[in-house]
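Subject: Structure handover

Hello,

Here is the structure we talked about handing over. Please open it first, then read the notes below.

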Amino acid sequence: MPLTETGPDSKIEYLSILNEDGELDKELAPQFTDDLLLKGYRTMLLARRFDERRLKLQRSGRIGTFAPVNGQEAAQVGTISALREDDWFVPSYRETAANFWRGTNPADMLVFDAGYNEGIVIPEGARNLPNSVPVGTQMLQAAGIAYAARLEGTGEVAMTYFGDGATSQGDFHEALNFASVFDCPVVFVCQNNQYAISVPRARQTRSQTLAQKALAYGMDGIQVDGNDIFACFAAADDAVRRARETFRPTLIECVTYRLEMHTTADDPSRYRDEEEVEKWEKRDPIERFGSLLRERGLLDDGSLEDMEAKIAETIDAAWDEAEKRIEKAEGVSAIFDHILEQETHEQVRQKQQMSDGLGGVSGYG
Ligand SMILES: Cc1ncc(C[n+]2csc(CCOP(=O)(O)OP(=O)(O)O)c2C)c(N)n1
């Protein structure tokens with residue numbers, strides 16, 4: 001029986017444009033205005049400082065748990081900035097930096113972190129979906145949105161975000177398969193931050209890359225340096241263009257690292273060593289991008305200080321607004337409302353239990 005070659009005819013490539021020493025590949029580098037470069041940097045820094053404040057708020061009992069973005073800012077800002085305003089952003093729970101790029105009000109995020117529905121109401125006309133806390137469901141929603149966009153001929157694209165752990169969910173495989181078979185203009189952005197809570201990437205899959213899973217579904221896949229904002233943008237821009245022109249979906253694997261805990265309920269020192277974290281700290285996406293901006297004369301100690309001061313003001317104002325809104329909010333048990341037209345017995349019981357447990361207060365703060 002003769003053996004002949006079959007299977008996918010494409011391979012997975014790895015893209016890096018701004019390397020770890022801050023050197024830019026001039027041939028591959030996308031062209032940006034100085035304003036856009038600075039906007040990208042500011043958004044990344046805002047997300048990091050916002051996390052630092054949220055950690056303090058959580059530790060002092062003002063808000064509940066949240067998932068820090070620290071280390072993944074370039075993967076998010078690089079990819080999301082390839083979208084148009086009328087495209088769809090379908091996030092998971094860690095997409096703080098991407099949310100800021102999309103104009104999400106930081107006060108809304110704090111109201112949500114404190115447990116109130118009011119924080120995730122989609123503003124009129126916005127194409128940003130709320131954070132998906134169930135791992136993986138958002139990928140199916142993005143495929144469905146993209147399918148509808150193609151049928152309605154709107155020319156819109158959906159971009160959805162998830163982690164390495166989510167690639168083990170059935171939803172991931174169903175979403176990729178559906179999107180590819182039915183030509184859905186969707187970009188799947190996997191932030192491979194090396195861990196699904198305490199489960200390392202090596203225990204998640206034996207595949208050499210996560211990007212190659214695209215080939216099984218007959219779509220393009222690419223792996224990029226997720227701490228390099230230029231590589232993330234270039235891959236996303238290419239994928240968005242393909243989606244818009246041909247409706248074909250793409251899987252992008254951003255190789256990155258979560259520098260912080262999974263959520264505030266997690267202690268990463270129990271499953272990873274300091275050495276590994278230090279190795280990744282040297283590849284910090286904000287530092288790397290910042291060095292380039294300094295070299296180009298777009299950033300110096302003085303302008304960075306001004307930027308930090310404005311960011312601190314933005315965060316102070318967000319917490320002031322959030323506190324006022326929390327006082328007037330419906331109450332945390334309202335999370336049971338607006339789900340089903342008629343509540344089930346079990347929902348009625350759980351809602352009562354929650355109201356009793358919280359003594360009917362309107363918040364944790
Ligand atoms: C359907 C579902 N199963 C389990 C969980 C519990 N859970 C929350 S986060 C998480 C790990 C997800 O890891 P990954 O997809 O790598 O994303 P990351 O948190 O690293 O960004 C798990 C299992 C959940 N939220 N939803």
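This is a predicted model. I start with helix 10, then move to the sheet, the aromatic rings and a few backbone details.

**Helix 10**

Helix 10 covers residues 285-295. Its buried residues are Pro285, Ile286, Arg288, Phe289, Gly290, Leu292 and Leu293. An arginine is on that list, alongside residues such as Ile286 and Leu292. In an α-helix there are 3.6 residues a turn, so residues three or four places apart point the same way.

What covers these buried residues? The cover includes helix 1 (34-59) and helix 2 (73-80). It also includes strand 7 (220-225) and helix 8 (229-246).

Look at both ends of helix 10 too. At the start, a side-chain oxygen of Asp284 comes to within 2.7 Å of the backbone nitrogen of Ile286. Just after the helix, Gly297 has a positive phi of about 80°.

**The sheet**

Six strands make up an open sheet. Their order is 1-7-8-4-3-2, and the pairing is parallel. Strand 1 (13-15) and strand 2 (88-90) are the edge strands, each pairing on one side only. On average, neighbouring strands of this sheet are turned by 25° against each other, direction ignored.

Strand 4 (residues 186-192) and strand 8 (residues 250-255) run parallel and are joined by six bridges. Within this pairing, Phe188 stands opposite Leu251 of strand 8.

Two helices deserve a look here. Helix 5 (residues 137-152) packs on the sheet. It touches strand 2, strand 3 (158-163) and strand 4. The direction of helix 5 makes about 170° with that of strand 3. Helix 6 (residues 170-181) lies across strand 3, strand 4 and strand 8. Helix 6 runs at about 150° to strand 4.

**Aromatic rings**

How many aromatic pairs does the structure hold? There are 13. One of them joins Phe32 and Phe233. This pair is edge-to-face, with 4.8 Å centre to centre and 70° between the planes. Phe32 lies in the loop between strand 1 and helix 1, and Phe233 lies in helix 8, so the pair ties together parts that are 201 residues apart in sequence.

Are the two rings' residues buried or exposed? Phe32 is partly exposed, with a relative accessible area of 25%. Phe233 is buried, at 12%.

The pair also belongs to a cluster. Ring pairs link Phe32, Tyr41, Phe230, Phe233 and Phe289. Phe289 is also one of the buried residues of helix 10.

Charged groups sit over rings in two places I want to point out. Lys39 lies over the face of Trp101, 4.0 Å from the ring centre. The charged end of Arg150 sits over the ring of Phe247, at 5.9 Å from its centre.

**Backbone details**

Asp183 has a positive phi of about 50°, although it is not a glycine. Asp183 is in the loop between helix 6 and strand 4. Asp183 is partly exposed, with a relative accessible area of 29%.

Ile197 is another residue other than glycine with a positive phi, near 50°. Where is Ile197 found? It sits in the loop between strand 5 (195-196) and strand 6 (199-200). Ile197 is partly exposed, with a relative accessible area of 43%.

Best wishes

Key. Residues numbered from 1 in each chain as written. Heavy atoms only, no water. Buried < 20%, exposed > 50% of the residue type's maximum accessible area, 1.4 Å probe, protein only. Helix = DSSP H or I, 4+ residues; strand = E, 2+ residues; numbered from the N terminus. Contact = heavy atoms within 4.5 Å. Polar contact = N/O pair within 3.5 Å; in protein donor to acceptor, adjacent residues only side chain to side chain. Pairing = 2+ DSSP bridges. Axes fitted to C-alpha atoms, helices over the stretch in contact; angles between N-to-C directions. Phe/Tyr/Trp six-rings, centres within 6.5 Å; stacked < 30°, edge-to-face > 60°. Lys NZ or Arg CZ within 6 Å of the ring centre and 35° of its normal.
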